[in-house]
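Here is a set of short exercises, each with a worked solution. Have your viewer open, try each task, and then read on.

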Amino acid sequence: MIVKTFIIAMSLVMAGSLAIAQGKINYGDKGRFMQHEMMEYPMMNSGPMMGGTITSGILKTELNLTEEQVRSIDALHLAYNKVILQFEEDLSPKSLKLKQMLLEYPVNLDEVKALVMNIARIHGEMHVSMLANRLELEKVLMPIQRIKFKLMHQAISRPIGQGKGVIAGM
């Protein structure tokens, strides 16, 4: 019974994640900034961990970056994207293997658990990499730009249903 419940739960999680990733779920009104962000800043709503990627073009317009700052941020993004690509290459076969294991009968719960823990570890490493990249990016910014960047980041990384945020009222 526990295995059956686990299989159903994992299937629902995967189906929900797939629906979100494909954009088939509409969360309704996210506020003026979030609607603006979704239309004009498509990269802010994608990327690893659904935390999004704020491109240098977006930052340039929103934070009035200098050309030197744009070059530095572009270099950071390139290095970051290479790291994330490696993580995604590691995750892809593991995710497929998990799906395959869950379709088999009987499911070996110990193997599934080990694989899920391995996938979770990689996701954790990706998250740490994302945070390190963001902190490196903040070093390039001036103090006022850093404050605005943090507000932008809060607006796009807030969990669904947490209100319109600070920037929405601007």
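**Exercise 1. Work out how far apart Arg134 and Glu138 are along helix H5, and whether they are buried or exposed.**

Solution. Start with the spacing: Arg134 and Glu138 are four residues apart in H5, so about one helical turn separates them. In this predicted model, their side chains form a salt bridge, with the closest N and O atoms 3.6 Å apart. That fits the cut-off of 4 Å between a side-chain nitrogen and a carboxyl oxygen. Next, look at accessibility. Arg134 has a relative accessible area of 25% and is partly exposed. Glu138, at 6%, counts as buried, because the limit for that class is under 20%.

**Exercise 2. Find the salt-bridge partner of Lys150, and say which helices the pair ties together.**

Solution. The partner is Glu138, and the closest N and O atoms are 3.8 Å apart. Lys150 lies in helix H6 (residues 143-157) while Glu138 lies in H5, so this pair ties together parts that are twelve residues apart in sequence. Lys150 is partly exposed, at 40% relative accessible area. Now put the two exercises together: Arg134, Glu138 and Lys150 are linked in a network of salt bridges.

**Exercise 3. Describe the salt bridge between Lys139 and Glu136.**

Solution. First the distance: the N to O separation is 3.0 Å. Then the spacing: the two residues are three apart in H5, again about one helical turn. Finally the accessibility: Lys139 counts as exposed at 62%, whereas Glu136 is partly exposed at 36%. As a general reminder, side chains of opposite charge can pair when their charged atoms come close. A search of the whole structure finds five salt bridges.

**Exercise 4. Check whether the span of helix H4 agrees with its number of residues.**

Solution. H4 has 37 residues, and at 1.5 Å a residue it should span 54 Å; the expected value uses one less than the number of residues. The C-alpha atoms at its ends are 52 Å apart, which agrees. The buried residues of H4 include Ile73, His77, Tyr80, Ile84, Phe87, Leu91 and Leu98.

**Exercise 5. Decide how H4 and H5 are oriented to each other, and list the make-up of their contact.**

Solution. Two packed helices are described by the angle between their axes and the distance between the axes. Here the axes of H4 (residues 67-103) and H5 (residues 109-140) come within 10 Å and cross at roughly 170°. Angles over 145 degrees count as roughly antiparallel, and H4 and H5 therefore fall in that class. The residues of their contact divide into 19 nonpolar, eight polar and seven charged.

**Exercise 6. Locate the largest nonpolar core and the elements that give two or more residues to it.**

Solution. This core has 14 residues, and Leu98 and Val112 have the most contacts inside it. The elements giving two or more residues are H4 and H5. Of these, H4 gives the most, with seven residues. A second, separate core has ten residues, among them Ile58, Leu59, Leu65 and Leu141.

**Exercise 7. Summarise the whole chain: how many helices and strands does it have, and what share of it is buried?**

Solution. The chain has six helices and zero strands. Read along the sequence, that gives the pattern α-α-α-α-α-α. Buried residues make up 31% of the 170 residues.

Technical notes
Residues are numbered from 1 along each chain as its sequence is written. This is a predicted model: local features need pLDDT of at least 70, side-chain atom pairs count only at pLDDT 80 or more; totals for chains, interfaces and linings use all residues. Side-chain values use heavy atoms; hydrogens and water are left out. Axes are lines fitted to C-alpha atoms, for helices over the stretch in contact, and angles run from 0 to 180 degrees between N-to-C directions. Angles under 35 degrees count as roughly parallel, over 145 as roughly antiparallel, 65 to 115 as roughly perpendicular and the rest as oblique. Ala, Val, Leu, Ile, Met, Phe, Trp, Tyr, Cys and Pro count as nonpolar, Asp, Glu, Lys and Arg as charged, and the others, Gly among them, as polar. A nonpolar core is a set of buried Ala, Val, Leu, Ile, Met, Phe, Trp, Tyr and Cys residues joined through side-chain atoms within 4.5 Å. Buried means under 20% relative accessible area, exposed over 50%, partly exposed in between (1.4 Å probe, protein chains only).
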